[in-house]
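Biologist: Please take a close look at one stretch of this model for me, residue by residue where that helps. After that, set the stretch against the rest of the chain.

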Amino acid sequence: MISVFPQLRNNPTAAWVAMFVVAAALLALPYLAGMLGNAWVRALAFMLLYIMLALGLNIVVGFAGLLDLGYIAFYAVGAYTYALLASPHLAQNFAWIAQAFPDGLHNSIWFVIPLSAGIAALFGILLGAPVLKLRGDYLAIVTLGFGEIVRIFLNNLNSPLNITNGPQGITLIDPVTIAGVNFARTQNFFGLEVPSVYLYYYLFLVLTLITIVICIRLQNSRLGRAWMAIREDEIAAKAMGINVRNVKLLAFALGATFGGVAGAMFSAFQGFVSPESFVLNESIIVLAMVVLGGLGHIPGVILGAALLALFPELLRHTVTPVQMALFGEVIVEAEVLRMMLYGLALVLVMLYRPKGLWPAPEHGVNPVVQKHSRLAA
């Protein structure tokens, strides 16, 4: 608990109390949001997926300082891995698979999720290996191209062999099933009805918490400090004996792993995937979450992801009704206004909060010690 609440380092009891309060709030959150409709619970579930994506990208951009504009490609790899291994698509298009699996491929989540993470990590290494010597704008251009190449491949792998079904996407994807509990149906636990979208929210919450704990442990590890050394000064890090090549590859691979898991969960949650879900704009949005929250600062990244994930839903429920009430017609569409406000928010953050809304403490400075020093002064 101390690593999760560093401000309570000297009070373990308060750290445990804070943990239980936060846990109770997160458990009750879907029921509170559900009072406004299941659309808000669905938005919360997607918010958790975006937090996973942002934390994965934060490893690459925030910890290691490697600008990645193609991160959404790993999200796509995870989504399509789950879709292909948990749907009848391959059995319908390949006779030998149909003979071996007459009912189609319906693999267990315990097999598909690790495989999705592993394949995404492999793609992360494939991206990282050729770009180890690139920096700045050149690295951004290459990673952007990588993301677009993956999307175009997914869009065109329907001929001559129909692997991804092209722009039509893959349907009839199996929902998550754990211990006989089908997440596509409302379940009853001790007299309490838990709708499908609530079940997915709790599953994504568990995965997000695991991701947060792993990121915290990585940040405080020897590997995390090596990433930060490379971010600050790659030449000095290499002079101090850090294997820059391997450390960079690990950053790409570990960041991609979280993207792959998030993609697999997206596929199961939606029951449908298509290349349109993995356009460049999605990579930019995830990067904006990391920059807006605070590069390299896990609480800041979570804050940025939560704000930008819930913001479109808030606009969708307010902009149109307000304009209809005031003008009798919709003058500015919610999507147009969303992009305008995104741009304005980023400009304001760069002007007034260049390190993000919740920036990381200065390198080598313990925020708890710094606070006590100010109080003593």
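Modeller: What follows starts with one helix and the loop after it, and then moves out to other helices and to the whole protein. The model is predicted, and the values below are computed from it.

The stretch is helix H7 together with the loop that leads to strand S1. H7 covers residues 136-156, and S1 is residues 177-178. Within the helix, the residue to look at is Thr143. Thr143 has 0% relative accessibility, and since buried means under 20%, it counts as buried. Its side chain still has a polar partner: a polar atom of the Thr143 side chain lies 3.0 Å from the backbone oxygen of Ala140. Leaving aside residues up to four places away in sequence, Thr143 touches Leu67, Asp68, Leu69, Gly70 and Leu127.

The loop between H7 and S1 holds Pro160. The peptide bond joining Ser159 and Pro160 is cis, with omega at about 0 degrees. Further along that loop is Asn165, where phi is near 65 degrees, a positive value in a residue other than glycine. Asn165 counts as buried because its relative accessibility is 18%, which falls under the 20% limit. Leu172 is found in the loop between H7 and S1 as well. Its phi is also positive, near 55 degrees, and again the residue is not a glycine. Leu172 has 59% relative accessibility, so it counts as exposed, the cut-off for that being over 50%. In this loop, then, one residue with positive phi is buried and another is exposed.

Positive phi values also turn up at the ends of two other helices. Just after helix H11, Gly271 has a positive phi of about 75 degrees. H11 itself runs over residues 244-270; at 1.5 Å a residue its 27 residues should span 39 Å, and its end C-alpha atoms are 39 Å apart, so the two values agree. The helix is mostly covered, with 21 of its 27 residues buried. The other case is Gly328, just after H13, with a positive phi of about 80 degrees. H13 has 30 residues, 298-327, and reaches 42 Å from its first C-alpha to its last, close to the expected 44 Å. H13 also has a kink of about 30 degrees, centred on Leu315.

One of the residues in H13, Leu310, leads to another helix, as it is touched by Leu44. Leu44 is in helix H2, residues 38-63, and at 8% relative accessibility it counts as buried. Besides Leu310, its contacts beyond four places in sequence are Leu29, Pro30, Ala33 and Tyr201. Leu44 and Leu205 are 161 residues apart in sequence, yet their C-alpha atoms are 9.6 Å apart.

Now the whole protein. It has 15 helices and 4 strands. Its radius of gyration is 22 Å, close to the 21 Å that the globule rule gives for 377 residues, so it is as compact as a globular protein of that length. Its C-alpha atoms fill a box of roughly 75 × 55 × 50 Å along the principal axes. Buried residues make up 46% of the 377; Thr143 is one of them. Of the contacts between residues at least 6 apart in sequence, 71% join residues at least 24 apart. The protein exposes about 19300 Å², of which carbon and sulfur atoms supply 67%.

Definitions and conventions. Residues numbered from 1 in each chain as written. Predicted model: local features only at pLDDT ≥ 70, side-chain atom pairs only at ≥ 80, totals over all residues. Heavy atoms only, no water. Expected span 1.5 Å × (residues − 1). Bend = angle between axes of the 7 residues up to and from the residue. Buried < 20%, exposed > 50% of the residue type's maximum accessible area, 1.4 Å probe, protein only. Polar contact = N/O pair within 3.5 Å; in protein donor to acceptor, adjacent residues only side chain to side chain. Contact = heavy atoms within 4.5 Å. Rg over C-alpha atoms; globule rule 2.2 N^0.38 Å. Areas by Shrake-Rupley, 256 points an atom, 1.4 Å probe, with all protein chains shown as cover.
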